[in-house]
Amino acid sequence: MVCDLCTKAYDSVAIKINNAHICRECEEKIIAITVWDPDYQMWINRIKRFWQHLLGEKGYA
Ligand SMILES: [Zn+2]
């Protein structure tokens with residue numbers, strides 16, 4: 001299985017929503033991240049893509 005946030009393979013899934021998955025590493029990062037984190041915008045973009053993946057290519061009308 002591949003994490004839909006970091007696109008890395010993982011052993012244990014932390015969050016599973018329909019066919020979208022977030023690995024434990026990403027879950028911990030998302031929980032701990034702050035707006036002052038230099039990677040904050042990157043994670044926001046990843047989460048956006050995650051939701052787009054979750055909602056399908058058409059997105060929400
Ligand atoms: Zn991940």
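# A guided tour of the predicted model

Residues 24 or more positions apart account for 20% of the contacts in the protein with a separation of 6 or more; a contact requires C-beta atoms, placed from the backbone, within 7 Å of each other. The model is predicted: local features are given only at pLDDT of at least 70 and side-chain atom pairs only at pLDDT 80 or more, whereas totals for chains, interfaces and linings use all residues. Residue numbers start from 1 along each chain as its sequence is written.

**Whole chain.** Display the C-alpha trace, which spans about 30 × 30 × 15 Å along its principal axes. Then colour by pLDDT, the predictor's confidence in each residue, from 0 to 100. The average over the protein is 86, and 92% of the residues score at least 70. Among the elements, helix α1 (residues 24–32) has the highest mean pLDDT, 92, and β1 the lowest, 82. Where pLDDT is low, the predicted coordinates should not be read in detail.

Switch to a cartoon to see two helices and two strands, in the order β-β-α-α along the sequence. Both kinds of element are DSSP runs numbered from the N terminus (helices: H or I, at least four residues; strands: E, at least two).

**The hairpin.** Select β1 (13–17) and β2 (residues 20–23). The two strands run antiparallel and are joined by four bridges; strands pair if DSSP finds at least two bridges between them. Val-13 stands opposite Cys-23 of β2, and Ile-17 faces Ala-20 of the same strand. Two residues lie between the strands of this hairpin, where Asn-18 takes a positive phi near 50°.

**The core.** Next select Cys-3, Leu-5, Ile-22, Cys-23, Cys-26 and Phe-50, the six residues of the largest nonpolar core. Such a core is a set of buried Ala, Val, Leu, Ile, Met, Phe, Trp, Tyr and Cys residues joined through C-beta atoms within 7 Å. A residue is buried if 20 or more other C-beta atoms, placed from the backbone, lie within 10 Å of its own, exposed if 12 or fewer do, and partly exposed in between. Of the 61 residues of the protein, 15% count as buried. Centre on Cys-26: leaving aside neighbours within four places in sequence, Cys-26 is in contact with Cys-3, Leu-5 and Cys-6.

**Thr-7 and Arg-46.** Move to Thr-7, in the segment before β1. Thr-7 has a positive phi of about 60° although it is not a glycine. Most residues other than glycine have a negative phi. Is Thr-7 buried or exposed? Thr-7 counts as exposed because there are 10 C-beta neighbours inside 10 Å.

From Thr-7, draw a distance to Arg-46: the C-alpha atoms are separated by 9.8 Å, with the two residues 39 apart along the chain. Arg-46 belongs to helix α2 and is buried, because 20 other C-beta atoms lie within 10 Å.

**Helix α2 and its end.** Select residues 40–55, the 16 residues of α2. From first C-alpha to last, α2 reaches 23 Å, close to the 22 Å expected at 1.5 Å a residue; the expected span is 1.5 Å times one less than the number of residues.

Finish at Gly-56, in the segment after α2. This glycine, just after the helix, takes a positive phi of about 90°. Gly-56 is exposed, because 10 other C-beta atoms lie within 10 Å. As a last distance, join Gly-56 to Ala-32: the two are 24 residues apart in sequence and 28 Å apart in space, C-alpha to C-alpha.

Methods:
Contact = placed C-beta atoms within 7 Å.
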